[in-house]
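Me: Could we go through the aromatic contacts in this one?

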Amino acid sequence: MKESFWGYWLIALGVGVIVIMMLISNVSATNTQDYYVLKEISEAAMVDAVDYGYYRESGELRINKEKFVENFLRRLSESIPNGTSTINFYNLYESPPKVSVEVTSRSNTYQINSNAETFDIVNRVDALLELNTSN
């Protein structure tokens, strides 16, 4: 009977460790994860914003700024459930297609003794869209 109690305690300890790890991973968003999400969203929004009519006429790539911003915000809101992010757009060029996006994720304020500290994660991505014509 003593051995079965040890088995129960071992299973309960394993479940407790797994629950704690899941809670910690949900609370902490890493800088690397945010960067790659931002990079993929920027690329996909740029591809969606390509002006194909202009490309057919002139053979040069051009994006629509408003369409890029709309697609970017929609995709980012679907990917990041946290509503405490600040988004800044820099250098939105239509032709050649270039965007610079900065996303600042605000974290909680931590108070240690009498000092209150706020830690923010800032990710900035500069993206260029180019045409591969080596077919």
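The exchange below concerns ring pairs and a charge placed over a ring.

Reply: Please note that this is a predicted model.

Me: How many aromatic pairs are there?

Reply: The count comes to five aromatic pairs. One of them joins Phe5 and Tyr8, with 6.5 Å centre to centre and 75° between the planes, which is an edge-to-face arrangement.

Me: Where do Phe5 and Tyr8 sit in helix 1?

Reply: Helix 1 covers residues 2-27, and Phe5 and Tyr8 are three residues apart in it, so about one helical turn separates them.

Me: And Tyr8, is it buried or exposed?

Reply: Tyr8 counts as exposed, at 56% relative accessibility. Its partner Phe5 has 44% relative accessibility and counts as partly exposed.

Me: What about Tyr35 and Tyr36, which geometry does that pair have?

Reply: The pair is edge-to-face, because the planes of Tyr35 and Tyr36 stand at 70° and the cut-off for that class is over 60 degrees. The ring centres of Tyr35 and Tyr36 are 5.3 Å apart.

Me: How accessible are Tyr35 and Tyr36?

Reply: Tyr35 is partly exposed, with a relative accessible area of 33%. Tyr36 also counts as partly exposed, at 47% relative accessibility.

Me: Which residues do ring pairs link into a cluster?

Reply: Phe68, Phe72 and Phe89 are linked into a cluster by ring pairs.

Me: Changing topic: which residue lies over the face of Tyr54?

Reply: That residue is Arg62, which lies 4.2 Å from the ring centre of Tyr54.

Methods: Residues are numbered from 1 along each chain as its sequence is written. This is a predicted model: local features need pLDDT of at least 70, side-chain atom pairs count only at pLDDT 80 or more; totals for chains, interfaces and linings use all residues. Side-chain values use heavy atoms; hydrogens and water are left out. Rings of Phe, Tyr and Trp (its six-membered ring) pair if their centres lie within 6.5 Å; planes under 30 degrees apart count as stacked, over 60 as edge-to-face and the rest as tilted. Helices (H or I, at least four residues) and strands (E, at least two) are DSSP runs, numbered from the N terminus. Buried means under 20% relative accessible area, exposed over 50%, partly exposed in between (1.4 Å probe, protein chains only). A charge sits over a ring if NZ of Lys or CZ of Arg is within 6 Å of the ring centre and within 35 degrees of the ring normal.
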